[in-house]
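Student: Hey, can you walk me through how two helices pack, and then what the pockets look like?
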Amino acid sequence: MDWYKNKDNDVLVIGEIAQAHDGSLGAAHAYIDAIADAGADVIKFQTHIAAAESTRQEPWRVKFSYEDDLRYDYWERMQFTEEQWIGLKEHAENRGLIFLSTPFSVDAAKMLDRMGMTMWKISSGEVSDPWLLEYILSTKKPIIFSTGMSTREEVDAYAKKLASHGAEYALLQCTTNYPVAPERVGLNVLDEFIQKYPVVGLSDHSGEMWPSLAAVTMGAKIIEVHVCLSKYDFGPDVPASLTNDKFAEMIRGIRFISKMKNNPVNKDDLSSELSRNSQIFAKSVCAKVPIAKGTVLTKDMLALKKPANGIPAREVNSVLGKTVNKDFAPDDFIQYGDVD
């Protein structure tokens with residue numbers, strides 16, 4: 001089976017939690033249950049170790065926190081211990097989910113590797129970290145990377161580097177806006193990537209399900225979206241997130257689309273299978289008025305009505321001007337053998 005497939009699902013659906021837990025271990029566990037109930041394949045967190053990835057000079061992307069003066073302070077508050085991460089991973093796997101967390105430092109990657117994480121997700125901002133990539137490549141595990149801040153040339157160079165190391169990889173079209181407007185989702189770029197690379201998906205920040213459904217129709221094999229429990233949740237990613245109910249609805253749509261794509265229809269065979277329905281819904285030629293034996297049929301004597309128990313309606317012109325060889329009451333269907 002292809003490495004990116006989970007169970008019988010052709011499209012790998014990732015519920016991105018990021019820091020929606022706001023540093024609460026209990027909330028992180030609650031998200032696992034929500035994502036599992038929605039029917040996703042993967043739950044994804046982010047693993048931050050402030051001292052290994054940041055400095056106190058790092059600016060805020062959006063100053064949202066009521067309790068953290070610095071972004072560095074925020075990263076510290078988002079940290080879980082290795083034991084806590086192991087507990088989250090075990091909970092996810094017990095619920096049938098693949099556990100995934102994006103490392104933002106080599107130290108974080110080493111911890112996740114010790115835990116036995118089965119694949120990697122590299123965020124758009126981390127593709128510029130050569131030491132992180134070096135370590136991840138050394139583990140020989142599949143890699144998913146986002147392209148939200150990369151040019152086409154940079155994406156191609158990164159993909160070639162992964163391929164040169166024999167890595168199984170997938171890349172995700174992504175636009176690093178929170179939320180992203182429909183005009184900037186980049187389905188045209190997704191299509192370019194699908195034509196060029198072996199496994200391609202979409203990491204969407206629109207806060208809507210439509211880009212993901214469109215992407216699957218186009219051939220995307222991986223879908224990643226941010227998830228929140230409510231639009232009243234706290235955090236910078238909430239505007240770019242689907243509520244869990246919408247996430248579940250999106251997943252139902254993805255599975256429906258996959259079944260359609262995997263089951264091409266032969267129109268002729270389908271028509272044959274539906275012949276009984278055709279008899280019910282189609283119309284036939286019948287008498288509109290009483291018609292006596294020996295009468296030459298004219299248009300005003302006939303009607304086209306359901307069900308299809310006589311000469312098909314599309315053949316009505318072939319009986320005009322012909323003589324009937326029996327009597328007909330109104331609504332009696334006319335057969336080919338009834339006209340000379």
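Tutor: Sure. One term to start with: contact means heavy atoms within 4.5 Å. Also, keep in mind that this is a predicted model.

Student: Okay, so which residues in helix 5 meet helix 6?
Tutor: Val106, Ala109, Lys110 and Asp113 are the ones from helix 5. On the helix 6 side they meet Trp131, Leu132 and Tyr135.

Student: What's the mix by class there?
Tutor: The contact of helix 5 with helix 6 has 5 nonpolar and 2 charged residues, with no polar ones.

Student: And how do the axes of the two helices sit?
Tutor: Helix 5 covers residues 106-114 and helix 6 covers residues 130-138; their axes come within 9 Å and cross at roughly 15 degrees. Angles under 35 degrees count as roughly parallel, so helix 5 is roughly parallel to helix 6.

Student: Is that crossing left-handed or right-handed?
Tutor: Helix 5 passes helix 6 in a right-handed crossing.

Student: New topic: what volume does the largest pocket have?
Tutor: About 810 Å³.

Student: Which residues are closest to its centre?
Tutor: The largest pocket is lined by 45 residues, and the closest to its centre are Gln46, Arg71, Phe104, Ser123 and Tyr178.

Student: Which element gives the most to the lining?
Tutor: That's strand 8, with 4 residues. Other elements that give two or more include strand 1 (12-18), helix 3 (71-78) and helix 5.

Student: And the lining by class?
Tutor: The lining of the largest pocket has 17 nonpolar, 16 polar and 12 charged residues.

How values were computed. Residues are numbered from 1 along each chain as its sequence is written. This is a predicted model: local features need pLDDT of at least 70, side-chain atom pairs count only at pLDDT 80 or more; totals for chains, interfaces and linings use all residues. Side-chain values use heavy atoms; hydrogens and water are left out. Axes are lines fitted to C-alpha atoms, for helices over the stretch in contact, and angles run from 0 to 180 degrees between N-to-C directions. Angles under 35 degrees count as roughly parallel, over 145 as roughly antiparallel, 65 to 115 as roughly perpendicular and the rest as oblique. A crossing is left-handed if the near helix is turned anticlockwise from the far one by less than a right angle, and right-handed if clockwise. Ala, Val, Leu, Ile, Met, Phe, Trp, Tyr, Cys and Pro count as nonpolar, Asp, Glu, Lys and Arg as charged, and the others, Gly among them, as polar. On a 1 Å grid over the protein atoms alone, a cavity is a set of points where a 1.4 Å probe fits but cannot get out, and a pocket is an open set with protein on both sides within 12 Å along at least five of seven lines; lining residues have an atom within 4 Å of a point. Grid points are joined across faces, edges and corners, and a volume is the space filled by probe spheres set on the points.
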